[in-house]
Amino acid sequence: MDSFLVRGGNPLHGEVSVSGAKNAALPILCASLLTADPVRVGNVPRLRDINTCLRLLGSMGVQCFWHGENELALRAEEISEPIASYDLVKTMRASILVLGPLVARFGEASVSLPGGCAIGQRPVDQHIKGLQAMGAEIHIEKGYIHAKAKRLKGARIVTDMVTVTGTENLMMAAALADGTTVIENAAREPEVVDLAKMLLKMGAQIEGIGTDTITVQGVDKLNGCDYTVMPDRIEAGTFLCAVAACGGDIVLNNADAPSMDATLEKLRAAGLSIDVEGQRVRARMAGRPKAVGARTAPFPGFATDMQAQLMAVNCVADGTAVINETIFENRFMHVQELVRLGAHIEIEGHTAIVKGVPQLDGATVMATDLRASAGLVIAALAAKDETRIDRIYHLDRGYDRMEEKLRKLGADVKRVSE
Ligand code: EPU
């Protein structure tokens with residue numbers, strides 16, 4: 001199992017390119033199931049979760065080939081079996097994204113129920129409820145969701161909470177349904193918008209993209225398309241947090257600043273100077289960050305996927321910050337690890353109170369989930385001596401060559417394998 005050895009204390013200087021967004025690429029790859037035609041997807045990040053998704057699609061008979069570093073050719077002309085097995089779903093919950101497309105195009109699907117995970121229970125009841133409203137017959141047996149429908153029918157669906165993959169699954173299903181589907185309380189995340197734009201290119205009829213009411217007029221057939229995945233706003237935000245914590249002057253190329261408003265606002269309040277010029281974002285930090293609190297919320301609020309990274313900045317900030325996690329019930333697993341690095345953090349329910357210290361110490365810590373590991377990397381970069389971060393495979397799920405990019409910025413990061 002790989003670990004990172006990070007020798008902290010270097011300010012960051014230089015330029016890096018932001019990769020394609022994991023959470024846009026995953027639903028976009030699953031959308032290839034909606035058509036028999038070839039689909040080409042560009043700007044696909046090289047990640048463990050993308051490989052898992054390709055294994056999943058491949059296991060059903062979808063042809064998937066890399067063309068060059070970041071382009072994929074996919075073709076789901078026919079599939080052998082509409083099944084997502086437990087082995088794949090347990091390594092990546094986003095596998096649930098095949099459920100909607102499979103029922104919509106092939107009339108049936110068996111997808112393993114994702115279990116709980118490191119950040120919370122994460123049920124998929126809204127995905128199921130929405131598909132049932134569209135006429136799917138669903139039963140759960142031996143840990144699998146079995147769904148059947150001759151043809152899904154348009155319906156009005158109001159989700160109980162804002163759900164990102166739930167909205168994506170229902171939007172994909174509705175694209176091939178008979179009639180009009182209205183999804184109310186829909187997620188407005190930029191990744192949902194990116195998927196919707198790809199579906200439009202495939203011939204889907206969707207209105208209200210980027211709003212909380214999405215209307216989909218189902219069509220009989222979708223066609224293939226070429227689509228380029230949007231830049232990863234969470235990866236970009238992670239680099240910005242790193243420079244806020246360590247100081248320095250960096251440029252992010254291929255960044256999508258409009259999707260990062262809430263993060264940019266927090267980091268500006270922390271003292272980071274940020275200049276945006278198209279897809280180029282320059283960030284400069286002199287001195288210690290100021291403490292800045294946050295409350296996670298669906299887009300356009302502050303993303304739960306940035307919470308651990310902002311907490312790491314607050315660990316070395318001047319002042320005390322209150323961070324409230326409202327999306328997932330157990331997304332503070334990084335706190336005990338940050339405390340091992342010398343951070344002062346108290347947890348009261350869903351709130352973390354972070355009292356900044358002038359400097360963190362190095363220690364051995366353990367990554368528990370993807371964004372927690374990104375928070376630990378930032379804290380380690382700001383610590384005064386060497387930190388070892390174990391179980392770095394969590395980071396590899398969602399960050400494309402993180403250590404290479406950090407080294408390009410002058411950080412002292414090594415990957416070690418045992
Ligand atoms: N929820 C339910 N029932 C459902 C669906 C969701 O109770 O049927 C709850 C969840 O348990 C959670 C809340 O609703 O408390 C929101 O969850 P959501 O469904 O929006 O999360 P998700 O779609 O499973 C995506 C991202 C996550 C990101 C969240 C929130 C992908 C592949 N994953 O998950 O990304 O944290 O939205 O923005 O898009 C990550 O990249 O590290 C990551 C975890």
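## Helix H9 and its neighbours

Let's start with helix H9, which covers residues 261-269 and has four names to look for on its buried side: Ala262, Thr263, Leu264 and Leu267. Keep in mind as you explore that this is a predicted model.

What do the buried residues of H9 pack against? Their partners are helix H8 (233-246), strand S16 (273-277) and helix H10 (307-315). After H9 comes Gly271, and the phi angle of Gly271 is positive, near 110°.

## Around the ligand

Now turn to the ligand. There are 21 residues around the ligand, and those that come nearest are Asp125, Thr163, Thr165, Asp305 and Ile327. Sorted by class, this shell is made up of 9 nonpolar, 6 polar and 6 charged residues.

Which side chains place an N or O atom a short way from a ligand oxygen? For Asp305 the distance from an N or O atom of the side chain to an oxygen atom of the ligand is 2.6 Å. For the side chain of Arg371 the matching value is 2.8 Å, and for that of Lys22 it is 3.0 Å. On its own, the ligand would expose 830 Å², and the protein buries 87% of that area.

Several helices build this shell. Those that give two or more residues are H1 (22-30), H5 (125-133), H6 (164-175) and H12 (370-382). Which element provides the largest share? That is H5, with 3 residues.

## A look at the cysteines

How many disulfides does the structure hold? The count is 0. For Cys53, which is in no disulfide, the nearest cysteine sulfur belongs to Cys30 and lies 4.0 Å away. A pair of cysteine sulfurs has to be within 2.5 Å to count as a disulfide. Cys53 counts as buried because its relative accessibility is 1%.

Why does Cys315 form no bond with Cys241? The closest cysteine sulfur to that of Cys315 is in Cys241, but the two are 11 Å apart, so they are too far for a bond. Is Cys315 buried or exposed? Cys315 counts as buried, because its relative accessibility is 0%.

## Val339 in helix H11

Our last stop is Val339, found in helix H11, which spans residues 333-340. Val339 counts as partly exposed because its relative accessibility is 31%; that class lies between the cut-offs of 20% and 50%.

You can also compare sequence and space here. Val339 and Ser417 are 78 residues apart along the sequence, and their C-alpha atoms are 25 Å apart in space.

Terms used. Residues numbered from 1 in each chain as written. Predicted model: local features only at pLDDT ≥ 70, side-chain atom pairs only at ≥ 80, totals over all residues. Heavy atoms only, no water. Buried < 20%, exposed > 50% of the residue type's maximum accessible area, 1.4 Å probe, protein only. Contact = heavy atoms within 4.5 Å. Near = heavy atom within 4 Å. Polar contact = N/O pair within 3.5 Å; in protein donor to acceptor, adjacent residues only side chain to side chain. Areas by Shrake-Rupley, 256 points an atom, 1.4 Å probe, with all protein chains shown as cover. Nonpolar A, V, L, I, M, F, W, Y, C, P; charged D, E, K, R; others polar.
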